[in-house]
Amino acid sequence: LESGGGVINDQADTATITIQDLNRVFFDPVIYTPMEEQITEILIIRSERPVSSDSILRVYDRDGSTATRGIDYISFNSTLLLAEGQDRVQFNVTLIDDDLMENIEQIVVPLDIVSGNGLGIRANNDVATVFIFDNIDMTTIGFSPITYQEREEVGFVTWRIVASSPVPSDTVLRI
């Protein structure tokens, strides 16, 4: 082979170049829906094929999550080893069960590559979201009985309002 008139290799007249697509890593699935009482949710990270060398991945809890670090879950910023020949690794998110009635909360978990030969991240699968569902039933409020019949000349009606479980704090009803 020659380059600019000079000899690069006088032993061979051909060269072989192997081009291989990136082996992409990704969350599988990207949505997780544990109940708060579950305590641990396992996140799975896969690669399209077994990795050719030990690779280090990073997962962390991103700012902007609606779940609160230290109250709803244990905060994390962790590195994971995807060992040579493997095509998956898992990570445990530790949830904290409490006695508060809460709406659905979420933890946003990005995936980064710290090191890895020929690795890339699959677009649209690079962030997992953990939606934490509360295990405490929401209180419902209603009338008992549901319908009332009074004569018009009575002048007033007393309504009985009931809750399905104890109301955790002062509640205002607008009728």
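What is the order of the strands in the open sheet of 5 strands? Hold that thought for a moment, everyone, while I cover the ground rules.

This is a predicted model, where local features need pLDDT of at least 70 and side-chain atom pairs count only at pLDDT 80 or more, while totals for chains, interfaces and linings use all residues. Residues are numbered from 1 along each chain as its sequence is written, and side-chain values use heavy atoms, with hydrogens and water left out.

A quick word on confidence. pLDDT is the predictor's confidence in each residue, on a scale from 0 to 100. The chain has a mean pLDDT of 84, with 87% of its residues at 70 or more. Confidence is highest in β6, at 97, and lowest in strand β1 (residues 2–3), at a mean of 44. Where pLDDT is low, the predicted coordinates should not be read in detail.

Now, back to the sheet. The order is β4-β11-β9-β6-β7, and the pairing is mixed. At the edges stand β4 (31–32) and β7, each with a single partner strand, so one side of each has no neighbour in the sheet. For the record, strands here are DSSP runs of E, at least two residues long, numbered from the N terminus, and two strands pair if DSSP finds at least two bridges between them. β6 and β7 run antiparallel and are joined by 6 bridges. Across that pairing, V59 stands opposite S78 in β7. The side chains of β7 alternate: S78, L80 and L82 point to one face and are buried, while N77, T79 and L81 point to the other and are not. Buried means under 20% relative accessible area, exposed means over 50%, and partly exposed is in between, with a 1.4 Å probe and protein chains only.

Next, the inside. A nonpolar core is a set of buried Ala, Val, Leu, Ile, Met, Phe, Trp, Tyr and Cys residues joined through side-chain atoms within 4.5 Å. The largest one has 25 residues, and F27, L43, I45, L57, V59, I107 and V109 touch the most other members. Two or more residues come from each of β3 (23–27), β5 (40–47), β6 (55–60), β7 (77–82), β8 (88–94), β9 (105–115) and β11 (127–132). V59 makes a nice example: leaving out residues up to four places away in sequence, its contacts include F27, I45, F91 and V109. Contact, by the way, means heavy atoms within 4.5 Å.

Let's move to the aromatics. Rings of Phe, Tyr and Trp (its six-membered ring) pair if their centres lie within 6.5 Å; planes under 30 degrees apart count as stacked, over 60 as edge-to-face and the rest as tilted. How many aromatic pairs does a search of the whole structure find? It finds 2. Y73 and F76 are edge-to-face, 6.3 Å centre to centre with 65° between the planes. F76 and F91 are tilted, at 5.0 Å centre to centre and 50° between the planes. F76 sits in the loop between β6 and β7 and F91 in strand β8, so this pair ties together parts 15 residues apart in sequence. Ring pairs link Y73, F76 and F91 into a cluster. Y73 counts as buried at 1% relative accessibility, F76 at 8% and F91 at 10%.

That brings me to the polar residues, and to D61. Is D61 buried or exposed? At 7% relative accessibility, D61 counts as buried. D61 lies in the loop between β6 and β7. Its side chain makes polar contacts with the side chains of Y73, at 2.9 Å, and S75, at 3.0 Å. A polar contact is a pair of N or O atoms within 3.5 Å; within protein, one must be able to donate a hydrogen and the other to accept it, and residues adjacent in sequence count only if both atoms are side-chain atoms.

Then there is N23, in strand β3. N23 is buried too, with a relative accessible area of 4%, and its side chain reaches the backbone nitrogen of E48 at 3.1 Å. Beyond its neighbours within four places in sequence, N23 is in contact with residues including S47, P50 and L119.

Last stop, N125, in the loop between β10 (119–121) and β11. N125 counts as buried at 19% relative accessibility. Outside the residues up to four places away in sequence, N125 touches F26, F27 and V30. Thanks for listening!

Terms used. Helix = DSSP H or I, 4+ residues; strand = E, 2+ residues; numbered from the N terminus.
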